[in-house]
Amino acid sequence: MKLLLLNLIALLYPLFPETAELRPPAPTPAPQTVHDEGKRPKNIILLIGDGMGLTQVSAGMYAHKDKKLNIDQFPVTGLSRTHSAKNLITDSAAGATAFSCGCKTVNAYIGVDAKKKPCFTILEQAKKEGLAVGLVASCSVTHATPASFIAHVGDRAETENIATFFLETEVDLLIGGGMKYFNQRKTDPRNLVQELTQKGVVVSDFSKQAITDLRPDLKHPLAWFSAEGEPASALKGRDYLPAAARLAPVFLKQRSDKGFFMMLEGSQIDWGCHDKDGPRAVAEMLDFDLAIGAILEFARQDGETLVIITADHETGGMTLEQGTGPDTLAINFNTNYHTACMVPVYAYGPGSELFGGMYENTAIYTKMMELFGWGNVQPTPGSVKK
Ligand code: MG
Ligand code: ZN
């Protein structure tokens, strides 16, 4: 308790330095009116900052100094409770399955409910309804967060098994690492890059082409692998996520007249926090914010796109404490795992008004399904593959 109090004081101190006169803060501008209230979106873009609690957003904000973060521009904010089926502290598999299927499941389960029954994901539903669908991540595409939108397995570690699901549901645009789980497989002799190509997907990768050199052919789905395994951190030069955020909505919009659903993940905020590495976590936060900026620019011009930003959980119990100078902050961590703290939700565009308030993470799925007009649609059963 004493420690908690000390932490709180340390956090508040920079806001109320002893020498400054205490006065009410300058009036903030009136909140932007909710965009297109009551209208339904044609397209939904779900942006997930893995491990992105309010402290991670704040750290990014302070690091950005005088410039506003793109995430600051979202008119609607809410809070999501993140617990999984059996644990107060979720992992990313159960966290993402809450968004993709609307059910609380067991940690490490991917696209299956708490009884390990496959749940039809919003991405699969969107595909069935004729929308274009996309998955973009700054980790491997088989990693827990993107995997939970397409695969149905009882263990997130089964990366090669997860990769096979990309042959079952056609993803119009796939960007991320993990190419080796497709073409250098240890569990079977299949070459999934070849199989994808045979199915008409244009497959390219970092060794052949920079993402900015891609000239997508709208007649074919596109997959671009950013790494053999896990992509590098933003601090070590990984920079494809913002470029992917510029390309993805423009491409998907032209792939179907009915609209699109896409999920883009800032995957490595979580990894920086697991390693208790403040500068790395901040660099990942700012990289994710650049992607958010590109998506917001698209949504502003498009007018029919709902953008939601949230996190699966907070990681690290990150705190912002007094640094060595009067206006400097020190980033500290209380754990190398996730925490049970609520996470922020931000929304922009038609339907964004539904995302204010406090709710379970599963409500993000329910709200998206309602806004797409599929609130009462019975899911199609799938199967778990061993
Ligand atoms: Mg993740
Ligand atoms: Zn994590």
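# Questions about a sheet and its helices

Visitor: How many bridges join S4 to S6?
Guide: Strands S4 and S6 run parallel to each other, in what is a predicted model. One place to look is leucine 173, whose bridge partner in S6 is leucine 222. The number of bridges joining S4 to S6 is four.

Visitor: Which residue in S4 does glycine 134 stand opposite?
Guide: Let's turn to another pairing of S4, the one with S3. Those two strands pair in the parallel sense over four bridges. Opposite glycine 134 you will find leucine 173.

Visitor: Are the residues of S4 buried or exposed?
Guide: Check one side of the strand, then the other. Leu173, Ile175 and Gly177 lie on one side, Leu174 and Gly176 lie on the other, and both faces are covered. The strand is largely enclosed by the rest of the structure, because five of its five residues are buried.

Visitor: Which strands stand at the edges of the open sheet?
Guide: The sheet has ten strands with mixed pairing, and its order is S5-S6-S4-S3-S7-S1-S8-S13-S2-S14. An edge strand has a single partner, so one of its sides is left without a neighbour in the sheet. The two strands that fit this are S5 and S14.

Visitor: What does the twist average from one strand to the next?
Guide: Follow the open sheet of ten strands in order and compare the directions of neighbours as you go. From one strand to the next, the average twist is 15°.

Visitor: Which residue of S6 is the bridge partner of serine 204?
Guide: Here we are looking at S5 and S6. They pair in the parallel sense, with four bridges. Across from serine 204, the partner in S6 is tryptophan 224.

Visitor: What angle does the direction of H9 make with that of S7?
Guide: Helix H9 packs on the sheet and touches S1, S3, S4, S6 and S7. Its buried residues are also covered in part by helix H11. Between the directions of H9 and S7, the angle is about 170°.

Visitor: How far does H9 reach from its first C-alpha to its last?
Guide: H9 covers residues 240-255, which makes 16 residues. At 1.5 Å a residue, a span of 22 Å is expected. The span in the model is close to that, at 22 Å.

Visitor: Are H2 and H11 roughly parallel or roughly perpendicular to each other?
Guide: Start with the angle at which they pack, about 85°, with their axes 9 Å apart. Angles of 65 to 115 degrees count as one class. H2 and H11 are therefore roughly perpendicular.

Visitor: How many residues of the contact of H2 with H11 are nonpolar?
Guide: H2 brings Gln56, Val57, Ala59, Gly60 and Ala63, while H11 brings Ala281, Val282, Met285, Leu286 and Asp289. Two of the residues in this contact are polar and one is charged. The number of nonpolar ones is seven.

Visitor: Which residue with a positive phi follows H2?
Guide: Within H2 itself, the buried residues are Thr55, Gln56, Val57, Ala59 and Gly60. Their cover includes H10, H11, S10, S11 and S13. Just past the helix, phi is near 55° at lysine 65.

Visitor: Is leucine 371 buried or exposed?
Guide: Leucine 371 lies in helix H12, and its C-alpha is 6.6 Å from that of proline 41, although the two are 330 residues apart along the chain. Its contacts beyond four places in sequence include Arg40, Ile44, Leu306 and Leu354. A residue counts as buried with 20 or more other C-beta atoms within 10 Å. Leucine 371 has 22, so it is buried.

Visitor: What is the phi of alanine 108?
Guide: Alanine 108 sits in the loop between H3 and H4 and is partly exposed, with 17 other C-beta atoms within 10 Å. Lysine 116 is found in the loop between H3 and H4 too, and its phi is near 70°. For alanine 108, phi is also positive, near 85°.

Visitor: How much of the protein counts as buried?
Guide: The protein has twelve helices and 14 strands. Of its contacts with a separation of 6 or more, 73% join residues 24 or more positions apart. Out of 386 residues, the share that counts as buried is 49%.

Conventions. Residues numbered from 1 in each chain as written. Chains lettered and ligands numbered in written order. Predicted model: local features only at pLDDT ≥ 70, side-chain atom pairs only at ≥ 80, totals over all residues. Expected span 1.5 Å × (residues − 1). Contact = placed C-beta atoms within 7 Å. Axes fitted to C-alpha atoms, helices over the stretch in contact; angles between N-to-C directions. Parallel < 35°, antiparallel > 145°, perpendicular 65-115°, else oblique. Nonpolar A, V, L, I, M, F, W, Y, C, P; charged D, E, K, R; others polar. Buried ≥ 20, exposed ≤ 12 C-beta atoms within 10 Å, placed from the backbone. Pairing = 2+ DSSP bridges.
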